[in-house]
Amino acid sequence: MRSSSGKKGRFGLIGTITWDKIHSASGKRWQAPGGILYQAACLCALGAEVILMSQVGEELWPKIRKIIAVWPGLKLDGLKIIRGPGNVVELDYPAKGERREKLKWAAPPLSLSQIWPLLEKIDFLMMVFNSGFDLDFYAWRQIVQKRSFSLWLDIHSLVLSPNFGRRKYESLVSWPAWVEGVDYLQVNEREAGCLLGFPERKLTLDDLNSLADQSLPLGLKALFITLGKKGVFVATPDNREIITVEEKKRIVDPTGCGDCLAAACCWQLSQGKSVPEAVRFGVSVAGHLVSTRGIASAFRLISRFSQKIKAY
């Protein structure tokens with residue numbers, strides 16, 4: 001179901017709250033909460049009602065709680081506090097190439113019993129595999145089969161090697177079983193390569209179209225492949241195009257920009273906007289966020305311009 005234009009969307013967010021230790025190409029280092037909280041920050045700033053279905057380590061929860069306490073519409077019915085630090089990753093952004101990730105700690109998969117009762121309260125679900133361990137396949141297929149809401153899937157860390165330490169991109173042969181029955185699929189360029197079976201190769205436009213040819217018959221309404229500075233490749237059953245982005249001269253931190261792009265896009269879809277309209281809106285939001293850093297700043301930036309954004 002979709003909410004009527006102008007009404008609050010009722011969103012469910014399934015994913016992992018991470019603690020990111022970030023190393024930039026300039027040599028700067030900082031730590032901050034991330035993961036599914038980027039989508040939550042964006043949706044709450046846009047005025048959505050959001051049920052967070054995730055886990056957070058008890059060692060980090062006091063810091064995170066202070067940040068998200070001011071986000072209107074955020075409901076913690078599906079949040080579980082677990083022992084230890086939860087999910088901790090090191091993200092290294094080199095001057096060239098893809099970011100490198102090291103997994104230091106990981107949260108266990110969410111249980112279906114934690115999620116199931118909450119699905120009746122939403123009309124749009126975003127499933128984001130922040131860690132790759134967020135949810136097991138059986139639980140995921142049970143959720144897909146419920147299907148009384150629009151469903152967005154971000155493959156993300158499902159294509160990373162399932163180990164601690166440095167994680168590598170790997171082919172995901174089983175991806176059609178994860179995607180079948182989903183409305184909207186999001187991957188970045190490297191992740192798209194993993195689905196196609198060549199994680200190390202630079203993709204061509206023919207490759208992007210090949211993934212669209214394979215994925216759209218699984219029932220997708222749209223496939224989104226984020227291409228960094230080049231924009232977003234968008235494929236629907238009726239059209240394919242690359243929606244470009246306006247390059248920003250001042251880039252502070254790209255972390256979470258793809259997450260907020262997706263959340264903003266989902267917001268627009270929930271308001272009855274077309275796929276191209278939704279993507280252009282998401283690209284606009286993400287373009288602003290590269291000039292800031294962290295979930296708190298992301299929330300403030302989108303909130304500051306929320307009235308203008310909603311009228312986009």
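Is Glu120 buried or exposed? In this predicted model, Glu120 counts as exposed, since its relative accessibility comes out at 61%, past the 50% cut-off. Being out in the open doesn't leave Glu120 without a partner, though: Glu120 pairs up with Lys146 in a salt bridge, and the closest N and O atoms sit 3.4 Å apart. Glu120 belongs to the loop between helix H3 (112-115) and strand S8 (124-128), while Lys146 is part of helix H4 (residues 137-146), so the contact ties together parts that are 26 residues apart in sequence. The partner gets another label: Lys146 has 24% relative accessibility and therefore counts as partly exposed.

That pair is a handy way into the charged contacts of the model, for which the count comes to 12 salt bridges. Among them is the one where the side chains of Arg201 and Asp207 meet, with 2.7 Å from N to O. Here the acid is the residue tucked away: Asp207 is buried, at a relative accessible area of 9%, which falls under the 20% limit. Arg201, on the other side of the bridge, is partly exposed at 43%.

A further salt bridge brings together the side chains of Arg280 and Glu241, at 3.5 Å from N to O. This pair links distant parts of the chain, with Arg280 sitting in helix H9 (residues 275-289) and Glu241 in strand S14 (residues 240-243), 39 residues apart. As for solvent, Arg280 is partly exposed with a relative accessible area of 37%, and Glu241 is partly exposed too, with a value of 23%. Both values land between the 20% and 50% cut-offs, so neither residue gets called buried or exposed.

Not every charged contact has to be read as a pair. Arg147, Asp183 and Lys221 are linked in a network of salt bridges.

Away from the salt bridges, what about Leu91? Leu91 is found in strand S6, which runs over residues 87-92. With a relative accessibility of 2%, Leu91 counts as buried, because anything under 20% gets that label. Leu91 also has a spatial relation to Lys102 to report: the two are 11 residues apart in sequence, and their C-alpha atoms lie 6.7 Å apart in space.

Back at the starting point, then, the Glu120 to Lys146 bridge joins an exposed residue to a partly exposed one, whereas the Arg201 to Asp207 bridge has a partly exposed arginine and a buried aspartate.

Terms used. Residues are numbered from 1 along each chain as its sequence is written. This is a predicted model: local features need pLDDT of at least 70, side-chain atom pairs count only at pLDDT 80 or more; totals for chains, interfaces and linings use all residues. Side-chain values use heavy atoms; hydrogens and water are left out. A salt bridge is a side-chain nitrogen of Lys or Arg within 4 Å of a carboxyl oxygen of Asp or Glu. Helices (H or I, at least four residues) and strands (E, at least two) are DSSP runs, numbered from the N terminus. Buried means under 20% relative accessible area, exposed over 50%, partly exposed in between (1.4 Å probe, protein chains only).
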